[in-house]
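Dear colleague,

I am passing on the structure we spoke about, and below it I have put together what was found in it. Please have the model open while you read, as the notes go from one strand to the next.

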Amino acid sequence: LQNGVTNNISATSISLLNPSDVEVDSLNNKLYVYDQGNHRVLVYNLNGNDTLVDSTADFVLGQESLDTFVNCGDLGVTSSNFCGGGLAIDPDTQTLFVTDSERNRILLFDVTSISNGESAFGVIGQVNFTDTTLAAPPTQSSVRSTNIDYDSENNRIFVSDYLDSRVLVMDYDKDTFVDGQNFDLVLGPNDFVTSGNCSVVDAFN
């Protein structure tokens, strides 16, 4: 990030351990860092030109406070914690997508107003916040992902489902989103219930 931010096994407001992804929200002047080794996302306020105000994180998701660390296996499966993956941001609705690859899900956080350790408001890949089941064979709603991206022009989520050798796409509307929502498009396999080939099934139309 800049001088003063360290790689450290102790979780603090200035430490990172094996960060795996970064997202800049230029519309709302925030930086999100997936601090994978500490099972958390750090949030930094930015100046109007997207430079850091300082090297101290302002908020944390996934842990109760900036100075707390609970190992992933001891956290339990809830709406507020996650274990490994990546990030995407929808700046218009201020939805932060956090992949939780070990639980076969993606959590959706409302970051309009952030509080430390806040709960997600939605989940992709599961129908609730306590299930972790990975469908076999895959389905139109199942996912195991570490990489995710968001197309803010067309309001679409792109997710790499590495276990089933496919890429999944969802048309996202915050107002109508439901937990466990189906994806709309699959790249790789011939349909949503088989693993990767080389064709496209389009469910947008």
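Strand β3 is joined to strand β4, residues 30-35, by 5 bridges, and these two strands run antiparallel. Within this pairing, Val 24 has Leu 31 in β4 as its bridge partner. Please keep in mind throughout that this is a predicted model.

The pair belongs to an open sheet of 4 strands, which follow one another in the order β3-β4-β5-β6 with antiparallel pairing. At its edges lie β3, residues 21-25, and β6, residues 59-61, each of which pairs on one side only. On average, and with direction ignored, neighbouring strands of this sheet are turned by 20 degrees against each other.

As general background, strands of a sheet pair through backbone hydrogen bonds, and they may do so in a parallel or an antiparallel way.

Further along the chain there is another open sheet, again described by its strand order: its 4 strands are arranged as β7-β8-β9-β10, and the pairing is antiparallel. Here the edge strands are β7, residues 87-90, and β10, residues 122-124, and each of them pairs on one side only. Neighbouring strands of this sheet are turned against each other by 25 degrees on average, when direction is ignored.

Inside this sheet, strand β8 (residues 95-100) and strand β9 (residues 105-110) run antiparallel and are joined by 6 bridges. If you would like one residue pair to look at here, Phe 97 has Leu 108 in β9 as its bridge partner.

With best wishes

Key. Residues numbered from 1 in each chain as written. Predicted model: local features only at pLDDT ≥ 70, side-chain atom pairs only at ≥ 80, totals over all residues. Heavy atoms only, no water. Pairing = 2+ DSSP bridges. Axes fitted to C-alpha atoms, helices over the stretch in contact; angles between N-to-C directions.
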